Amino acid sequence: MIEEKIVIEGVIKGMKFSKTLNVKYDPETETVEEALIHFYNSRALTFEELAVEQRWQNCYWTYPASMDLVG
């Protein structure tokens, strides 16, 4: 199992948001994107479908910048 910090940024109801999640997954059985989908207990097939379900707009996921991990 791997635990990754993932950042999701986008817009919801006209306001920008940024959330950091700790996502655990087995890289031999799923991708980070699939782990994000499972984190939200979704049946979406892609992150884009998850975004539609969550009503996120102009969103993406990424890893935190190294400076964000300090401290």
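This text follows the aromatic residues of a predicted model into its helix α2 and its nonpolar core.

The structure contains five aromatic pairs. In one of them F39 and Y40 meet edge-to-face, with 5.3 Å from centre to centre and 70° between the planes. The two partners differ in how they are covered, for F39 is partly exposed at a relative accessible area of 40%, whereas Y40, at 19% relative accessibility, counts as buried because the cut-off for that class is under 20%. Y40 also pairs with W56: the ring centres lie 5.4 Å apart and the planes stand at 80°, so this pair too is edge-to-face, the class for angles over 60 degrees. Here the pair links distant parts of the chain, since Y40 sits in the loop between α1 (32–39) and α2 (47–54) and W56 in the loop between α2 and β3 (57–62), with the two positions 16 residues apart in the numbering. W56 itself counts as buried, with a relative accessibility of 7%. Taken together, ring pairs join F17, F39, Y40, F47 and W56 into a cluster.

One member of that cluster, F47, leads into helix α2, where F47, L50 and A51 are buried. These three residues lie on the same side of α2, because the arc that they cover around the axis is only 100°. On the face turned away from this buried side, α2 carries E48 and V52, which are exposed. The buried residues of the helix pack against β1 (2–12), α1 and β3. Just after α2, the chain reaches R55, which takes a positive phi of about 65°.

What does F47 touch, once its neighbours within four places in sequence are left aside? Its contacts are then I8, E33, L36, I37, W56, C59, Y60 and W61. Several of these names return in the largest nonpolar core, which has 17 residues and in which I8, L36, F47, L50 and W56 touch the most other members. Two or more residues of this core come from each of β1, β2 (15–25), α1 and α2. F47 and W56 therefore appear in both settings, as members of the aromatic cluster and among the core residues that touch the most other members, a core being by definition a set of buried residues joined through side-chain atoms within 4.5 Å.

Technical notes. Residues numbered from 1 in each chain as written. Heavy atoms only, no water. Phe/Tyr/Trp six-rings, centres within 6.5 Å; stacked < 30°, edge-to-face > 60°. Buried < 20%, exposed > 50% of the residue type's maximum accessible area, 1.4 Å probe, protein only. Helix = DSSP H or I, 4+ residues; strand = E, 2+ residues; numbered from the N terminus. Arc of directions from axis to C-beta. Contact = heavy atoms within 4.5 Å.
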